[in-house]
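I sat down with this one to look up contacts, salt bridges and a few buried side chains. My notes follow in the order I made them.

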Protein chains: 2
Amino acid sequence: MMIMMKTDTGYEKRYYFGIDIGGTSVKAAVFDESDNTVGTYEFATDKEDNGSHILNDVADFVSSWMNENGADASVIGGIGIGVPGAVLDDGTVNGCVNLGWGVVNVKAELERLTGIRTVAGNDANVAALGEYAGYYAGLSSFFFVTLGTGVGGGLIMNGRPVCGINGAAAEIGHLPIVTDEDRMCTCGKKGCLEQAASATGIVHEALKRLNSASDSSAAVSSLQKYDKAALTAKDVFDEAKAGDIVAGSVIDRAAEYLGRGIACVACAVNPECIVIGGGMAAAGEYFLDKVRASYRANVFYPMKDTPIVKAELGNDAGVYGAAHLVMPSSNNERK
Amino acid sequence: MMIMMKTDTGYEKRYYFGIDIGGTSVKAAVFDESDNTVGTYEFATDKEDNGSHILNDVADFVSSWMNENGADASVIGGIGIGVPGAVLDDGTVNGCVNLGWGVVNVKAELERLTGIRTVAGNDANVAALGEYAGYYAGLSSFFFVTLGTGVGGGLIMNGRPVCGINGAAAEIGHLPIVTDEDRMCTCGKKGCLEQAASATGIVHEALKRLNSASDSSAAVSSLQKYDKAALTAKDVFDEAKAGDIVAGSVIDRAAEYLGRGIACVACAVNPECIVIGGGMAAAGEYFLDKVRASYRANVFYPMKDTPIVKAELGNDAGVYGAAHLVMPSSNNERK
């Protein structure tokens, strides 16, 4: 792939890297200044040696891309990067369990390795920015919930991600609102929202119900036909949609808590729109309708009509939002 | 009182009105451009005829003050006004139960009556701005909780109150987190934070415990000596501090829920500081220590050390914050 670095009018184009570091793979995309995707890329996350090779791999990718495309640093507008952990305003990550990281200043390290201006953000905040920039630009405030293995969130106000003083704003997954939980959360508390409303939580609750001797629905549940060790949240959704009582009550519980959790966030910031993304958003309107009903039942009445909608960008939100951390037009760069 | 409208250097001074409309009285203060208090005033809130005289009374006060002080509109920098209800960005109040108001555009109406630029805000948001401007200016984010008859809140980010799309941001009193509540809240839901953590909620819970036949502590509680119809939250605090078991458990419940509610807000915005004001803040460190313990037990660990402190300004926060809605130096004026 060879890219012309001069447009027809003689203007020099600029390119922006969006990097999304996940526990399994690193996704990357390059965008031009008109927000067009120039290319998308993916490579495995090397978690050996406490993840110490990851940022080197990112820098190597950037360098290779520039070499292959005849681009020098003068045409690179910046690198935006999302990581699965709390990120302070100066780019410091204070521990990323999924990557094996302790304290790492992602911005400083990647700037040292590449010589290119870098902005780092929490992955959910960055995905929120991607959804916002792609579909909701102009809203005064916007809350994004990502439902997957865990439950994360991102809050955009006035076009910028809100990070919080400890980099932990919008951590809706750890709202302390689940009152019927017996396990510890990965964070060390008990009763976090993600224990009920994540894919992991749904599977755990389904297995618990299936194993309950006192629940007469358990023995006849259609979930009994699945290999318990391989049960997924999608299985539970599928059986709930098909009318299974146990699966239905597990999904109802997840939706009830999620609606209540979103109502708590709304009480704090009263956003203009709430967007649900992540793998579980694939459950669609069946699930969203239950979440909306719980939200309306739990929220303070002036905000009962806040729209709750499905995310548009899917897996691309991460790289797109990351690039928007450094795109000047989106006015999202942190100081 | 006669005020010189010219300073020694020949500069024309400017004056700012801060108005705080409460259900019982209207408090007002005038500040000069250096933030000095020129005078403080108070008059009864006239709730006759659905509160339709209130803004006329405010306009009359402004006019009288200007006449008495030889001030014309050119030296008045603006009127900031706090009202006990949700206020939209354009100054519209969509119902104020305590004042008898339906939909009133406070800003437009007061500007029409006085000819002076006016900015309106929710009373708790305005008190938050007062605390912020007075003691915490420069913090990136700041959450204010006011504990009184109800529980209110104000969120300041980047020096400005966050109002929310429906004017209902920071309404911590209506977080849906109280799981052992049998009454309806004034908002129509059941289980709002203010049902447990307000002065009203504390009195109700104390009476409920005293009347409980199954509670062996009830008969010997020192609260039994009080006239039940006149019991106050202060009585409950006093007896709790003196070691009464019933009073202590009521206060513990209030603190537990309040700490959990603040943890929910922190999960959403991760503020730099949390400040507790309102009448109940007078209970002091005895209560705050319980709230802090609950907060630490319930909040996501990256923000467990967020300071929770007592407000400094007391009743003056309302008028001071209101004036800061229009003071240019505070950069808080809404568009």
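Started with Glu256(B), which is partly exposed at a relative accessible area of 29%. The model is predicted, so I keep that in mind throughout. Glu256(B) has a salt-bridge partner in Arg260(B), with the closest N and O atoms 2.9 Å apart. Is Arg260(B) buried or exposed? Buried, since its relative accessible area is 18%, and the cut-off for buried is under 20%. I also checked where the two sit: they are four residues apart in helix α9 (residues 245–269) of chain B, so about one helical turn separates them.

Next salt bridge, still in chain B. Asp305(B) and Arg296(B) pair through their side chains at 2.7 Å, N to O. I looked up both accessibilities. Asp305(B) comes out exposed at 53%, while Arg296(B) is partly exposed at 44%.

Then I went looking for linked salt bridges. Shared partners join Asp180(A), Glu181(A), Asp182(A), Arg183(A), Glu205(A), Lys208(A), Arg209(A) and Arg253(A) into one network. I picked one pair from it to look at: the side chains of Arg253(A) and Glu181(A) form a salt bridge at 3.3 Å, N to O. Why does this pair count as a tie between separate parts of the chain? Arg253(A) is in helix α9 of chain A and Glu181(A) is in the loop between β10 (160–161) and α5 (193–197), so the bridge links parts 72 residues apart in sequence. Arg253(A) and Glu181(A) are both buried. For the whole structure, over all chains, my search gave 34 salt bridges.

How many of the salt bridges cross between chain A and chain B? Zero, by the rule used here. Polar contacts do cross: I get 16 residue pairs between chain A and chain B, with both residues at pLDDT 80 or more. On the chain A side, β9 (151–157), α9 (245–269) and α10 (285–298) each supply at least two of the residues that touch chain B. Of the side of chain A that touches chain B, α9(A) gives the largest share, with seven residues. By residue type, that side of chain A divides into 26 nonpolar, nine polar and four charged.

Then the interface totals. Chain A puts 39 residues into the contact and chain B puts in 39 residues. The area buried between the two chains is about 2,900 Å², with carbon and sulfur atoms giving 68% of it. Which three residues supply more than any other three of the area chain A buries against chain B? Pro176(A), Asn270(A) and Phe300(A), which supply 19% of that area.

I also checked how the two chains relate. Chain A superposes on chain B by a rotation of 180° with 0.0 Å of shift along its axis, RMSD 0.0 Å. That is the relation of a two-fold axis. Of the interface residues of chain A, 100% are also interface residues in chain B, so the copies meet through the same surface.

Turned to single residues, Asn122(A) to begin with. Asn122(A) sits in strand β7 (residues 118–122) of chain A and is buried at 6% relative accessibility. What does its side chain have within polar reach? A polar atom of the Asn122(A) side chain lies 2.9 Å from the backbone oxygen of Gly85(A). The backbone nitrogen of Asn125(A) is 3.1 Å from a polar atom of that side chain.

That led me to Asn125(A), which is in helix α4 (residues 123–136) of chain A. Asn125(A) counts as buried at 3% relative accessibility. Leaving out residues up to four places away in sequence, I list among its contacts Gly153(A), Gly154(A), Leu155(A), Pro161(A) and Cys163(A).

Last entry: Leu313(A), in the loop between β12 (308–310) and α11 (317–326) of chain A. Is Leu313(A) buried or exposed? Buried, because its relative accessible area is 19% and the cut-off is under 20%. Leu313(A) touches Gly130(A), Glu131(A), Tyr135(A) and Tyr320(A), again not counting residues up to four places away in sequence. For Glu131(A), I noted a C-alpha separation from Leu313(A) of 6.2 Å, with their positions 182 residues apart along the chain.

Terms used
Residues are numbered from 1 along each chain as its sequence is written. Chains are lettered from A and ligands numbered from 1 in the order in which they are written. This is a predicted model: local features need pLDDT of at least 70, side-chain atom pairs count only at pLDDT 80 or more; totals for chains, interfaces and linings use all residues. Side-chain values use heavy atoms; hydrogens and water are left out. Contact means heavy atoms within 4.5 Å. Buried area is the accessible area (1.4 Å probe) that two parts lose on being put together, summed over both. A salt bridge is a side-chain nitrogen of Lys or Arg within 4 Å of a carboxyl oxygen of Asp or Glu. A polar contact is a pair of N or O atoms within 3.5 Å; within protein, one must be able to donate a hydrogen and the other to accept it, and residues adjacent in sequence count only if both atoms are side-chain atoms. Ala, Val, Leu, Ile, Met, Phe, Trp, Tyr, Cys and Pro count as nonpolar, Asp, Glu, Lys and Arg as charged, and the others, Gly among them, as polar. Buried means under 20% relative accessible area, exposed over 50%, partly exposed in between (1.4 Å probe, protein chains only). Copies are superposed by least squares on the C-alpha atoms of residues with pLDDT of at least 70 in both.
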